[in-house]
Amino acid sequence: MSNASRITLLVFLASVAAVLALLGYVTARMLDLEQQELHAKFDARRQEDLRLALWRMDSVLSPIIAQEAARPYFHYLSYYPEQRAFTRVWEPVLPGEVIVPSPLVEGTPPFVLLHFQLGPMGTIYSPQVPQGNDRDLAESEPGGPERIERYEKLLARLGRFASLDPPDQQTPIDANAAETTATATETDQRTLRDNAPAPQTRQEQASSELAEREYAYRKDAADIASSPAAVTPQIARAPPRSESRSRPTTTDDDLFAGLAEPDLENIKLAAPASIISPSRSSRGTPGVRAALTQSRFVPRWRTNPATGEPELIFWRTVRADHAFTVQGFWIDWPALRDHLLTRIEDVLPGAMLEPVTDTRASRAEISSRLLATIPAMLVPPPTQPPPIPLITPPHITLGLAWLATLGAIATVGLSLRASISLGERRGRFVSAVTHELRTPLTTFCLYSQMLADGMVTDDASRAEYLQTLKHESTRLQRIVENVLDFARLGRARAHSAPTHTPSASLQQILDHVLPTLTQRVEQSGMSLELDIKDDNLSTTAAISSDAAARVLVNLVDNACKYASDADDKRITLSAQRADTRLLLTVADRGPGVPPAERRRIFNAFARGKHHETSAAQGLGLGLSLARAIARQHGGELLIEKATRQGAAFTLDIPILAT
């Protein structure tokens, strides 16, 4: 390979490396973007499933909490006066008043274990566990004792872990669920009093006094919530039966007993969730308005010391004049959790619900998984994004791009290889033609000049010189004819096939070619043998005698060149018929053709590597030209496998029907 060819090959390889590197980078980026898109779609579907699951669970919880939030405060009394103003139901029952049972006495709604309320001294009561004479009334109902006994056990369990947080820690899970009662600091209240104008009327004076009392009520409530009695509630126990027969014993009304009604006229609390109802005081004072405030229910988690499991409790504060209590209900968290998870089994199978106790610290991380109604978060099951499918539009695009690029590289590489090979063959051709033409031309010039100058006077020498000139002219003619035939065949392959089919019998082919073959063999010092049966002489082949002669002359010429040094100098020309084919074989007893070169020697300007440096003359066009002529006539030129010493080439031509 020449230096120019090496440089061309290096430039080509560098270009291929650059193209492949660029395409590899584009492929990596596209696959990365496809994976990111797949993960984004997976996360979007995951978030959509989370939102759907949260919505389903909140739709189950909202009616439960709404039902409890709409429950009036006096439902937490086992029995209460029927004909009593809404804001006065908490007052002690007067003689002669009719009392009715609370709806909670008969039981609890689904997923609610127990309702309870805390008295001013931290005593815990439940409407499902009446006290005193109320208990007698409840036990008189069918199934009452068993029901009360069951709820008493729940109340005992609740007393082990139910406690109040200090007011500054009662932060709901959602800001929208904060208590609706307004709280004012001491500084804010003092500022309100200092900036308020002097009262001019009795009503304005009463309003100012109400503000002072409201601040005092809230301060008392905070003290009660943070007192040890509130943190460790006491369970209200039923008194002995001997004491519970009389009405004045302990009842649910004692929660508010001893708290005096404010002696104010035309007063109402400035709180968003206040429930104001006009009524008359128990002493019959006309025009007095009693104020009652209920906050929203706030969920709280407590740990059950007996089981170590979290328990969910809702409570609210109820303020009536100087009275303060906490009402709430205990949720059956295991049953509610299982029910909620069942509702989302088709959306998030294997999900879990976990309590959230430290909402402020983890809000940023779990905000998208929090329930809106209770302080719990949804924990979806661990899942992995699905693998990228094998067949996707980006993969198809990349595959086509790679195929096109590799195809283009292969095409350019083959073209470059063919171009380099053609250039090398042309170089060898020019060198061979120069060498082949220089020898006969030199002989022509020398001998013709000697004959013209009369330097050869002997008739025998003159005849020898003329015979040499004739031999060299024949050789020169053969070289020129081979080159012209090769060029002619190359042009013929680009045009359409001939309109008529040439034909010649085997006898006509032999009559035309044998004189030339015999002369060429004799010049090489070899002999020609014929192995042809008389029955085959009349066989007509689809080839002209001239074309067959050119093929056979080239084959015999090669045998004379490359087998001249063999001990056996016979060249055999045989003919046989195989079905519809005529086989003409030229065989020698020379060194033969190596198996690795049997395909290469049919290329134009190609010679066997063993003979490229030998003294044998030739352009490397003989076999290429002979195969091209055979294929032009619908035949083939084949080299037989080495079954004996030497080389054997067979011209396979179709036979015309007679």
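Angles between helix axes under 35 degrees count as roughly parallel, over 145 as roughly antiparallel, 65 to 115 as roughly perpendicular and the rest as oblique. This is a predicted model, in which local features need pLDDT of at least 70, side-chain atom pairs count only at pLDDT 80 or more, and totals for chains, interfaces and linings use all residues. Residues are numbered from 1 along each chain as its sequence is written, and side-chain values use heavy atoms, without hydrogens and water.

**View 1. Helices α1 and α7 pack at about 140°.** Their axes (lines fitted to C-alpha atoms over the stretch in contact; angles run from 0 to 180 degrees between N-to-C directions) lie 8 Å apart. α1 and α7 are therefore oblique to each other. α1 spans residues 3–69. α1 contributes Arg-56, Met-57, Val-60, Leu-61 and Ile-64 to the contact (heavy atoms within 4.5 Å), and α7 contributes Leu-336, His-339, Leu-340 and Arg-343.

**View 2. Helices α12 and α13 cross at roughly 155°.** α12 covers residues 545–562 and α13 residues 622–632, with axes coming within 9 Å. That makes α12 roughly antiparallel to α13. On α12, the contact involves Ala-547, Arg-550, Val-551, Asn-554, Leu-555 and Asn-558. On α13, Gly-622, Leu-623, Leu-625, Ala-626 and Ile-629 take part.

**View 3. Confidence is lowest in strand β6 and highest in helix α7.** Mean pLDDT (the predictor's confidence in each residue, from 0 to 100) is 30 for β6, residues 274–278, and 94 for α7, residues 333–343. Over residues 166–288 the pLDDT is below 50. Where pLDDT is low, predicted coordinates should not be read in detail.

Notes. Helices (H or I, at least four residues) and strands (E, at least two) are DSSP runs, numbered from the N terminus.
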